[in-house]
Amino acid sequence: MAATSLSLSLGLPSAAANNLNRHALHNIITCSASENTSPNQQRCLMRRPFLLGAGALSLNLLPATPLLAQGVPENYEIFVDKRDGYSYYYPSDWREFDFRGHDSAFKDRYLQLQNVRLSFIPTDKSDIHDLGPMEEVVPDLVKHVYSAPNQVANIMEMKERTTDGKNYFTFEYVLTSPNFSRAAFATIAIANGRHYTLIVGANERRWRKFRNKLKVVADSFQEFMRYLTYLFKGICYPYMGVN
């Protein structure tokens, strides 16, 4: 029951909830079945059911994400991924869709090239500054990662911001190919052992009209401690004798 409550508080799907139940049961059985149980393992056995329930309660008591605390602007919705540790605004008339290789994505109902998508990759860096100066990092990403071989990249603007002690690079750029041009904002950040990238853009012909609307999305991106990381630190560490 504790594991199920925890799954619901994390917003996990039913399959993940079942997996969490099985893992919790396996750990309890493993801990109790050992013939050579150490003092730490004995404490693990006695405290696990209590801590699972306490963990679910503590997650419910955690403060809202910074974006929720600020209030959502008119004509926007907020997407919050507690499991992966990030949030951002998107226009309220957009709808969610699957974008290959991305964790989340939303697009305009009629102008599908107007969309926002979020992806992340593992990293051993702890802050965006670990990648280098913004003036070097951004051109390298735009020209060698975001651009196709037949596209010409033009960076319009780049800036750095710090929100709640976390650093972000946000930049505006245009990718021009022989038959098509697309403009976009990108915001990148590093946290939770992940390099996050949010890109929101549109056809360049519509960019002037929608630029400010899409800039709200880019500037809204924030990362926070993943709730599963919080759970691991707050509940699992006591079992292992880690401070």
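How much space lies in the largest pocket? I looked this up before anything else. The model is a predicted one. I note about 370 Å³ for the largest pocket.

**Pocket lining**

I listed the residues around the pocket next. There are 20 in the lining, and the closest to the pocket's centre are Arg 117, Val 145, Tyr 146, Tyr 173 and Ile 199. I sorted the lining by class and got 13 nonpolar, 5 polar and 2 charged residues. I then asked which elements they come from. β5, α5, β7, β8 and β9 each give at least two residues to the lining.

**Helix α5**

I turned to α5, which spans 134-146. Which of its residues are buried? I find Met 134, Val 137, Val 138, Pro 139, Leu 141, Val 142 and Tyr 146. I checked what these buried residues pack against: β6 (152-163), β7, β8 and β9. Tyr 146 thus appears twice in my notes, as a buried residue of α5 and among those closest to the pocket centre.

**Cores**

I looked for the largest nonpolar core and found 26 residues in it. Tyr 88, Val 116, Leu 198, Val 200 and Phe 221 have the most contacts inside this core. At least two residues each come from β1 (76-81), β2 (86-91), β5 (115-122), β7 (166-177), β8 (180-191), β9 (194-203) and α6 (204-220). Which element gives the most? I record α6, with 5 residues. Another core lies apart from this one. I count 16 residues there, including Ile 128, Leu 141, Tyr 146 and Ala 184.

I took Leu 198 as a test case and left out residues up to four places away in sequence. Leu 198 touches Tyr 88, Val 116, Arg 117, Leu 118, Phe 185, Ala 186, Thr 187, Val 217, Ala 218 and Phe 221. Arg 117, one of these contacts, is also among the residues closest to the pocket centre.

**Hairpin β1-β2**

I checked how these two strands pair. β1 and β2 run antiparallel, over 6 bridges. Glu 77 has Tyr 90 of β2 as its bridge partner. The two strands make a hairpin with 4 residues between them. In the turn, Gly 85 shows a positive phi of about 80 degrees.

**Ser 126**

I finished in the loop between β5 and α5, where Ser 126 is found. Is Ser 126 buried or exposed? I call Ser 126 exposed because its relative accessible area is 59%, and the cut-off for exposed is over 50%. I also took the C-alpha separation of Ser 126 and His 195: 9.0 Å, with the two residues 69 apart along the chain.

Definitions and conventions
Residues are numbered from 1 along each chain as its sequence is written. This is a predicted model: local features need pLDDT of at least 70, side-chain atom pairs count only at pLDDT 80 or more; totals for chains, interfaces and linings use all residues. Side-chain values use heavy atoms; hydrogens and water are left out. A nonpolar core is a set of buried Ala, Val, Leu, Ile, Met, Phe, Trp, Tyr and Cys residues joined through side-chain atoms within 4.5 Å. Buried means under 20% relative accessible area, exposed over 50%, partly exposed in between (1.4 Å probe, protein chains only). Contact means heavy atoms within 4.5 Å. On a 1 Å grid over the protein atoms alone, a cavity is a set of points where a 1.4 Å probe fits but cannot get out, and a pocket is an open set with protein on both sides within 12 Å along at least five of seven lines; lining residues have an atom within 4 Å of a point. Grid points are joined across faces, edges and corners, and a volume is the space filled by probe spheres set on the points. Ala, Val, Leu, Ile, Met, Phe, Trp, Tyr, Cys and Pro count as nonpolar, Asp, Glu, Lys and Arg as charged, and the others, Gly among them, as polar. Two strands pair if DSSP finds at least two bridges between them.
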